[in-house]
Amino acid sequence: MKGLYKISTGELDGLFAEIAREMRLYAPLRQGNELNFGLWGASVTVDLHGLKTDNTPKDLFLPQSEDLYSASLKGGDIKINPAEAEFAPFVVFGVKACDIKATAVLDNIFLKGDFVDHNYKLRRENALIVSLACNKPGMSCFCAAFNLDAAAPGGDIATWLCNEYLYLQAQNEKGEGFIKQFAHLLQEAEEGEIAPIQAEIREKIAALPYSELPLENFTPENMLKLFNHENWNILYKACLGCGICTYICPTCGCYDIRDFEAKCGEIQRFRCWDSCMYPDFTLMAHGNPRISQKERFRQRFMHKLAYHPEKFAEYGCVGCGRCVNKCPVSLNIVKIIKSLGGE
Amino acid sequence: MRDFQIPKVGIITEIFEETPDVKTFRVVDESGAKAFDHMPGQCAMLSVPGVGEAMFSIASSPTNTKFMEFSIKRVGVLTEHIHKLEPGDKLTIRGPYGNFFPVDTELKGKNILFVAGGIALAPVRSVIKYVFDNRADYGYVDILYGARNPEGLVYRKEIEKSWADKPNTNVFLTIDQHDEDWDGHIGFVPDYFKKIGFSTDKLVVMCGPPIMIKFTMALLLEMGFKKEQVYTTLELRMKCGIGKCGRCNIGPKLVCVDGPVFRTDELDNLPDEF
Ligand SMILES: Cc1cc2nc3c(=O)[nH]c(=O)nc-3n(C[C@H](O)[C@H](O)[C@H](O)COP(=O)(O)OP(=O)(O)OC[C@H]3O[C@@H](n4cnc5c(N)ncnc54)[C@H](O)[C@@H]3O)c2cc1C
Ligand code: SF4
Ligand code: SF4
Ligand code: FES
């Protein structure tokens, strides 16, 4: 076990200011009803007491839109200029257990295989992730169904809010180096000091309505059975195909590649988040293999519950519950799991 | 480490009109050399910046070390634009992407039956030319190719002037309907296939429209072929080509990296969504 440290919550602004002097710092910022990760600065309101952020922190690694290169076209000539992205160390503070696990899910997609995603990799390497235990898990949370422990949230450094203190514990060497760097602002704490809050969190989570879901059927062997399940014919019917569930999902990483004319004779090619819920996602000149919303709807949930598990031996859903909160017609992965899981 | 989504600039050196809507483009990089090495069945992303980018099979053989060829059917925005390009014009090219036909392993030393329909002869041509350039390494070669009409046969001159004369090689051509300029076989590929009646001592490379694949596959099984003997390619919409953008999946497989070449028995374990 690495050493446990603490800092009184009243002194957190001082810690943030000191971190921000060294590198960019992102934290959950409160703006009216919304809570989202944003760049820390003198005039922001950091809120570590809120539950999960409305949007996920995935855009710190996979920006919503990012330039790949520009092509200058002059007199029939083409010149390719790779985009100059800046990759500098940064800290993201206050990431919940579900979003931490989601980062591991996206790592499997973007860092494994014959090709490694260049920009994603550099952003991941430059990031130091500070997690935060969930003191107030919500009704829509079901991380426990996927065996995540919101009381031991992981990351490079894990933190807990308890009795007007923020407790910090390095989870790896990178985290240790960071704690050393800012040790002059921290006090040493006793290992047992976070035990009560951990126990409290685990108790709360066990009592949540979705903490146990019938996931036994979702195995690679059952893939075709799940795919051909007749319940899809009913489940998808209300889906509007709006794509909200994909944009707010921390493990959805699909993207499109597009062009725009930045200025006369200069084409900017960029990538941007896309959604498998849209008909043109797979549309080809000779037809569309996902012909109706049924196939598109099924794709999103089969990907999380069957295809990703088949490839990486982990679920592609982390139970963050955002799609439960945000779907305009109250469709979500919990309904799918219950329906196909036989409940 | 480099970003695999960033292309090279390519130059079109020659263009051949194959059919009313298919042209073959010979492409080199800016230095005049072949843009990259590849294997038969692999693909490349071609793009005209500001117009679009799409995946195309490399229709030339790896044994051709000077240039690559792409046979492109005019079907939409990008392909329409590419069809208007002329020798000397530039586009961008990145690749090679995807897996390839097992020419140096499973196919080596075997008799091979090639079955293709329409533009899908493009990826098959790469294998055929590779086999002819390494003729001693393979057994008998049968090529069965069909199109809607005589003008629809791509590489027709090459097939008749060169392929048909290769040793231990049979070429069978067919068109769908009667045509005044045609004295060869008339009928769909599967029908002709049945008439010829191939023996099962060979591996099969089959590419074409889904309907042709479906019927020919049924015949192959009827004739005693096993799915393990038959290779085909799949086509899904692609963007990144490197297994990241998530667009081209069939179940857990991403066609841009796990395909486009599949042994047909592998497809039984995948959702029917292609
Ligand atoms: C592995 C592989 C190998 C291939 N090999 C070959 C080959 O050797 N030769 C060949 O000719 N073709 C080949 N293709 C097919 C080729 O990629 C397509 O024909 C090509 O993408 C068509 O591009 P386009 O811009 O001309 O058509 P598009 O204009 O893209 O039209 C295609 C369809 O997509 C729709 N569409 C396109 N963009 C959008 C958008 N942004 N929003 C909404 N709808 C849109 C159009 O409405 C249309 O229905 C291959 C494809 C794959 C995947
Ligand atoms: S499931 Fe809900 S959020 Fe997702 S596309 Fe359908 S309607 Fe939109
Ligand atoms: S599918 Fe829904 S609950 Fe699961 S990770 Fe995505 S947004 Fe969260
Ligand atoms: S084209 Fe992007 S994953 Fe296959």
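Tutor: Ala, Val, Leu, Ile, Met, Phe, Trp, Tyr, Cys and Pro count as nonpolar, Asp, Glu, Lys and Arg as charged, and the others, Gly among them, as polar. Keep that handy, and remember that this is a predicted model.

Student: Okay, ligand 2 then. What makes up the residues of its shell?

Tutor: They divide into eleven nonpolar, two polar and no charged. The shell has 13 residues, and the closest are C239(A), C242(A), G243(A), C245(A) and C327(A). Cys counts as nonpolar and Gly as polar, so G243(A) goes in the polar group.

Student: And how do the residues around ligand 1 divide?

Tutor: Into 15 nonpolar, four polar and five charged. Of the 24 residues there, M55(B), K73(B), V77(B), L78(B) and T79(B) come nearest. Lys counts as charged, so K73(B) is in the charged group.

Student: Where does ligand 1 lie?

Tutor: Between chains A and B.

Student: Which elements of chain B each supply at least two residues of its shell?

Tutor: β4 (52-57), β5 (68-73) and α1 (77-84) do. β4(B) gives the most, with four residues.

Student: Why is the pair between ligand 1 and T79(B) called a polar contact?

Tutor: The cut-off is 3.5 Å between N or O atoms. An oxygen atom of ligand 1 is 2.5 Å from an N or O atom in the side chain of T79(B), so the pair qualifies. Backbone atoms join in too: an oxygen atom of the ligand is 2.8 Å from a polar backbone atom of L78(B), and a nitrogen atom of ligand 1 is 2.8 Å from one of S71(B).

Student: How much of ligand 1 does the protein bury?

Tutor: Taken alone, ligand 1 exposes 960 Å², and 74% of that is buried by the protein.

Student: Switching to the sheet in chain B: what makes β10 and β15 edge strands?

Tutor: Each pairs on one side only. The sheet is open, with seven strands in the order β10-β9-β8-β7-β11-β12-β15 and mixed pairing. The edges are β10 (185-186) and β15 (261-263).

Student: How do you know that β11 and β12 of chain B pair?

Tutor: Pairing takes at least two bridges. Strand β11 (residues 203-207) and strand β12 (residues 230-233) have three, in the parallel sense, so they pass. As for M206(B), its bridge partner in β12(B) is T232(B).

Student: Which helix lies across these strands?

Tutor: Helix α5 (residues 210-222) of chain B, which lies across β7 (112-117), β11 and β12. The helix runs at about 160° to β11(B). Angles go from 0 to 180 degrees between N-to-C directions, so α5(B) and β11(B) point in roughly opposite directions.

Conventions. Residues numbered from 1 in each chain as written. Chains lettered and ligands numbered in written order. Predicted model: local features only at pLDDT ≥ 70, side-chain atom pairs only at ≥ 80, totals over all residues. Heavy atoms only, no water. Near = heavy atom within 4 Å. Polar contact = N/O pair within 3.5 Å; in protein donor to acceptor, adjacent residues only side chain to side chain. Areas by Shrake-Rupley, 256 points an atom, 1.4 Å probe, with all protein chains shown as cover. Contact = heavy atoms within 4.5 Å.
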